[in-house]
Amino acid sequence: MSTYLYRLGRFAVRRRWLVLVSWVLALIVLTVSGRAAGGELHDEFNIPGVESQQALNVLQATFPAQAGARAQVVFHAPEGALADPANAAAVAATFAKIDALPHVVGSVDPVAATAKGASGVVSKDGTIGLGTVQYDQSAIDLGKANYEKLQDATASATKAGLDVSFGGDMANTNERTAPGSEGLGLLAAMVILVIAFGSIIAMGLSIGTALFGLGSGMALMLFVSSFVSIPTVAETIAVMIGLGVGIDYALFIVTRHRAGLARGLTVADAAGRAIATAGQAVIIAAFTVVIAICGLAVAGIPMVSWMGYGAAIVVAVTAAAAVTLLPALMGFAGHNVDRFGIPGMKPKVETGALDEHGNYHGWARWSHHVSKHSVRYLVLSLAAVLLLAVPFLSLRLGMPDNGNKPTTSTLRQSYDLIAEGFGPGSNGPLILSVELGGADAKTFLPELSSQLAATDGVAAVAPATLSPNGDTAVIQVIPTTSPQDEKTSTLIHTLRDDVVPPVVKGTGAHVYVGGNTATFIDMSDKIASRLPFFIGAVILVSFLLLMIVFRSILVPLKAAIMNVLSIGAAYGVIVAIFQWGWGAGLFGVHEALPIVAFVPMLMFAILFGLSMDYEVFLLSRVREEYLKDGDNTESVATGIATTARVITSAALIMISVFLSFVLGDDPTIKMVGIGLATAIFVDATLIRMVLVPSTMSLLGDANWWFPKWLDRIVPNLDIEGESRLPADELEADLTLEGDGGDDVPDGDRELQPV
C-alpha cells in the first residue's frame, strides 16, 4: 500500500493539472446531477419493529384519512377574544380557504367547534384557539409547496390583527433552524494553521483541500439523496465532521511534506513520501471513521443509518482529496510552500526531542517529567477524567421538543401558546390506533376511553373516531406533561403495559399507542438497547486494527480504554450541561433537556475514528524510535516531542470547528458540537500528554510484547511505509534534462540521477 501511495503522490505532483481538472469536473458533475435528479434532504421517521410504527401502519392500511400529516394552526387574539364577531369571521374565512386546499381531508375551526359545544380547542380566557388540519399524505410527500399554501390561507386572519403560528407535522418537516457559524470555526482554523506552519501558503494548501473535499462530498451526498431518504440533520453533521477531519488530514500530510523538503528532497519525492506515510495513516483513520459511522446501522433505524452513511460519504471523499488533490496542490506550490509567513515568525518544521544544544526541549522535557512521576500523574489524570464522566451515570435519552426552538420560530410560538392555553401535553398528543377485531365498538371504545382518562398523567381523552367500515378507530390522548418530560415517557409505558392489556384481553381487539411523541420515545428505547453492542463492536474493530498496525497487545488495549475514558468524559459534560443545566445558559439552552437518542452513538462512532488518527500519528513515531534503540522512555519522549505541535494544532482546529456549530439554534447540534469538542480536548491533553507517557512508562518494554504465535498469523502493516520506499530523491543529486533552467517548476522536471 505504501508503494502504491508513493507512486500516487508523485503522479499527482507531475500530473497536477490533470488531477485538479478531474476534481473540478467531478464537483460540477455531482452538483448538476444532484439538482437535476431532485436531490433533497428530508426527515422520514420509520422505525421497524416498534409499537408506534405498528400504530401508523394500521392507520395507513385501514384508515388512511387519519394516517396523513397533521398541521396545527394556532390563533391568538392580542386584543379581545376569538369569539368576537370580527375575529370569528377571520378564522372562519381562513378555514374556508384551508378546506379548499389540495390533500386536505378535514379540519377543525376552533371558534366554530366551541360554538357547537366542543371543548379543548379554545383557551379558557378565549384568546387562544387551536385549529387542526388533516391531510391525506405524509408531510414529506406533500412537500414545502403545500405548507406554503397553508400559510397563505391564513392571510385573512393576520390582516384582522390575529397572531397565527404553526405546529404539527407540516411545520416540523418544513421549518429549518438557523445553521451554526461554521465560518468562525474555519477562520479560527486558518489562524491556528498559520501559527502552526508559519506560512500562509502551507495554511492555504490545508484549507483549500479541506473545503474542496467537503464540497465534493456534500455534492455526492445530495446526489445520493435523490434515491434514498437522508435526514436533514445529516447535512450539518457531515459539514461539522468533514470540515474538521479534512483540515486535520491535510495538516498531517503537509507537515510530513515540509519535513521532506527540509531534508532536501524534491517536491515530487517529498509529496510521494508524505502520501505514503502520513497519507496512509490518514486512509486508515478515515477508514475507521467510515466503518464506525456506518455502524450506526446497528440501531436498526433507517433515519439514523442514513445520517451515518451521509457523514461517511463526506469523510471518504475528504480523505480521497487529501491523498490526491493535496499533492497536486503541493506540486503547484513547489518550494514556495513556506513563503508568505507572518513577519518575525519562521516557518516551523518537525524537530526531534533535542534542541540545537543537545538539551531536551518543551514537550520532551514534559514527557521525561511525567515518566519520572508516572504513578502520580496516572492517578491524577485518571481521577480528572472519571470526575468529568460521573454525570453520565444519570444519562436520559429522549428528543427535545419545540419549546427549545428560538422565540422567533413559528414552532416555538405555537408551542408556547398551546402550552399556555391548553397545557404542555397538548403539544404532543398520543394517537391510539384501535383494531376492533371482534370487539363491539359501542361497548369496547367507551370502556377503553374510560380507563385511559382514569390513568395518572392523562389530561384529556378525545372521543373515538371510527373508520368508514367500522373496523378501526382512533383515540387521541393528551398527557399532562410536555413531550420531552420523563413523565410522558413513563405514561406511554404505563398505557402499553398496564392500562391497555386488561381492556383488550379476550375481546380480539388490538390497541397500539403511537403519535410523534411515542415515536421519539420508541426510537430512544431502541437505540439504548443497541448501544452496548455498537460500542463493543467499535472497540473490538479498533483494537484489532491497532494490534495489526503496532504488533502489540497492551498498546491497542490501552488505546481502547483511554478512548472510552475521553468519550465518557464527553458524555458526562453534555449530561451536566443539558440535563442538569450547569452553564446551559452560556450555550443558549434555558431548560433541562434529555440527550437526543442518537447523539451518544454518533459521538462514539466519530470520536473513536478521530482518536485513532491521533493514536496512529503519535504511537507510530514512538514505535519507530523504540525499534531503533529499544529505549522505552526515550522513544515516548521523542514521539511526543515530534508530534505534540501537530496533534495540538489538529485538536485546536477540531475544537474550533465543533464549537462554532454551538452558536446555531438546534439543541441536537449543540450537543454534538460540545460533546465532540470536549472529547477532543480531553484526548489531546489529559490522554495523549499525561496518561499515555505515564502508562507507557509503567509498562516499559511490555508495551511492545506480542506473542510469537500471533505474530506469525497477523498480517504485517507498515503504517509509516518508509521501509518499502526507494532511496531519497535529493535535489542536490539531480540534474535536469533539457535547458536546465531554474524557472522550470519542480513537478514538470524530468529528474535523473547524476
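"Partly exposed" here covers relative accessible areas between the buried cut-off, under 20%, and the exposed cut-off, over 50%. All the views below come from a predicted model.

**View 1. A nonpolar patch on the surface, with F332 taking part.** At a relative accessible area of 33%, F332 falls in that middle class, so it counts as partly exposed. You'll find F332 in helix α13, which spans residues 302-333. Its partners in the patch are W17, V21, V24, L25, I28 and V32, and the whole group adds up to about 660 Å² of accessible area. Helix α2 (residues 16-36) supplies the largest share, with six residues.

**View 2. Y249 in the largest nonpolar core.** This core has 163 residues, and Y249, I253 and V304 are the ones that touch the most other members. Skip the neighbours within four places in sequence, and Y249 is still in contact with V282, A285, A286, V289, V315, A319, A322 and D613. There's also a second, separate core of 27 residues, with I98, L150, A157 and A171 among them. As background, nonpolar side chains tend to be buried together in soluble globular proteins.

**View 3. S566, a buried serine in helix α20.** The helix runs over residues 554-579. S566 has a relative accessible area of just 1%, which is under 20%, so it counts as buried. What does the side chain of S566 reach? It goes to the backbone oxygen of N563, at 2.9 Å. Leaving out residues up to four places away in sequence, S566 touches V385, S611, A679, V682, D683 and I687.

Terms used
Residues are numbered from 1 along each chain as its sequence is written. This is a predicted model: local features need pLDDT of at least 70, side-chain atom pairs count only at pLDDT 80 or more; totals for chains, interfaces and linings use all residues. Side-chain values use heavy atoms; hydrogens and water are left out. Patches are made of residues with over 30% relative accessible area and no salt bridge: like charges are joined within 9 Å, nonpolar side chains (Val, Leu, Ile, Met, Phe, Trp, Tyr) within 5 Å. Accessible areas come from the Shrake-Rupley method with a 1.4 Å probe; for residues, only the protein chains shown count as cover. A salt bridge is a side-chain nitrogen of Lys or Arg within 4 Å of a carboxyl oxygen of Asp or Glu. Helices (H or I, at least four residues) and strands (E, at least two) are DSSP runs, numbered from the N terminus. Buried means under 20% relative accessible area, exposed over 50%, partly exposed in between (1.4 Å probe, protein chains only). A nonpolar core is a set of buried Ala, Val, Leu, Ile, Met, Phe, Trp, Tyr and Cys residues joined through side-chain atoms within 4.5 Å. Contact means heavy atoms within 4.5 Å. A polar contact is a pair of N or O atoms within 3.5 Å; within protein, one must be able to donate a hydrogen and the other to accept it, and residues adjacent in sequence count only if both atoms are side-chain atoms.
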